[in-house]
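Visitor: I should like to learn how the features of a protein model are read. May we go through them one at a time?

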Amino acid sequence: MKLDPLKLCRGITRVAFNSVTSKREDLLKKEFDHIDVRGATHHPISQFEKDAEDAIRTFLLNESKRNKKSKVAIYFEKEKWHYFENGEETFVEVDDLSKLKPYICLLCDPIDGSKSDVPTVRSGYNKPIILGDTDKLFSTVIAFYLDKPNLQDAECCAIQRWDGYQFFADKKYAFAEKAGEMASLVSLAPLNEITLTTKLYPAAHYLHAELISTFAIQEILKELKIPENYSLGYRATGSTTNEILQATTTRSISFDIRDIVKKELQKHNIKMKRGSYAHDFAPPAFFASKVAGMNVWDFEGNTLNCNLLKEETGSYFIAPEGEASNKIYNVLRTKVIPRLPEKVKEWKDIFKYE
């Protein structure tokens, strides 16, 4: 039986989600009435990130036993590639893949948004209640063929949100599903006007990124002459997947220019320690690109692309088509980015302590 990459992606994200959900609930068997996850060793997310990865590996082992054509290679953050064939798993370097010839390659983030707070409490019936930012936590994966390792040529993706929704896309369409109810995301209306409900997601969820985003937003407001009482809403969630998905599903604007700052910092022999890697932005960016009416761009005027075999950071602009999106994109390209070299000179001593 021929392997179905989309079913594989959906299965991967589902088993990761199911694994983590059950383990979060297991915490309640301990002597806790409330789990304060802020800095606690019992943080359900950081504690179970490896568990989610292991659940995916077990799933792929079983798939490779069941289907002899399931030669699969998968990459998790900052690891070697995992190769599955005939019920066996081996760890390989990326250069080995051309010899092994996997049927499909997968780039996976078992848990994205792992800094969100997810406190867990117990109800009067001793039933676990998961509170907090479960709509900002995801398990994601994107599938591609080894001879077509670019984002634009990818085959499909799946995004499992921890509130139960799953978002997925093939080469033509994007879908949302929960509890068997499925809907296709056909198209978005243009975003032609900036209003109080227009939101920006500029990847500013920690102190050093705040410098970058504050500068960008100030320039946007100034160039577009938007007064403070009509300024755009600003969101920083700590999840690249969430910020791109929000742009796609709520007609908002998501951008990340940290990679451009990173390259400027390198000129001062400073290494930026954070950024958006391909495993962070590729699955939601692919999903967004399959929703009609979405712009998914880099900052050179092209459709966003990257090599999915490389562990590299990147920048992006993702927003609905329309006059408002175009204006903001142009401000970023012509006013913000050209001034980053001078701003980096101001920030460089601060970034030494990132």
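Visitor: What share of the contacts in the chain with a separation of 6 or more is between residues 24 or more positions apart?

Guide: In this predicted model, 72% of the contacts with a separation of 6 or more join residues 24 or more positions apart.

Visitor: Which helices and strands should I look for, and how many are there?

Guide: The chain holds nine helices, together with 17 strands.

Visitor: How does the radius of gyration of the chain relate to that of a compact globule?

Guide: A compact globule with 354 residues would have a radius of gyration near 20 Å, and the chain agrees with this at 21 Å. Along the principal axes, the C-alpha atoms fill a box of roughly 60 × 55 × 45 Å.

Visitor: How many of the residues are buried, as a percentage?

Guide: A residue counts as buried when its relative accessible area is under 20%. Buried residues make up 52% of the 354 in the chain. The accessible surface comes to about 16500 Å², and carbon and sulfur atoms account for 48% of that area.

Visitor: How many disulfides are there?

Guide: A disulfide requires two cysteine sulfur atoms within 2.5 Å. By this rule the count is zero.

Visitor: Why is Cys105 not bonded to Cys9?

Guide: The closest cysteine sulfur to that of Cys105 belongs to Cys9, but it is 11 Å away and therefore too far for a bond. Cys306 is likewise in no disulfide, as the nearest cysteine sulfur, in Cys157, lies 13 Å away.

Visitor: Are Cys105 and Cys306 buried or exposed?

Guide: Cys105 is buried, at 0% relative accessibility. Cys306 is buried too, with a relative accessible area of 16%.

How values were computed. Residues are numbered from 1 along each chain as its sequence is written. This is a predicted model: local features need pLDDT of at least 70, side-chain atom pairs count only at pLDDT 80 or more; totals for chains, interfaces and linings use all residues. Side-chain values use heavy atoms; hydrogens and water are left out. Buried means under 20% relative accessible area, exposed over 50%, partly exposed in between (1.4 Å probe, protein chains only). Helices (H or I, at least four residues) and strands (E, at least two) are DSSP runs, numbered from the N terminus. The radius of gyration is taken over C-alpha atoms; the globule rule is 2.2 Å times the number of residues to the power 0.38. Contact means heavy atoms within 4.5 Å. Accessible areas come from the Shrake-Rupley method with a 1.4 Å probe; for residues, only the protein chains shown count as cover.
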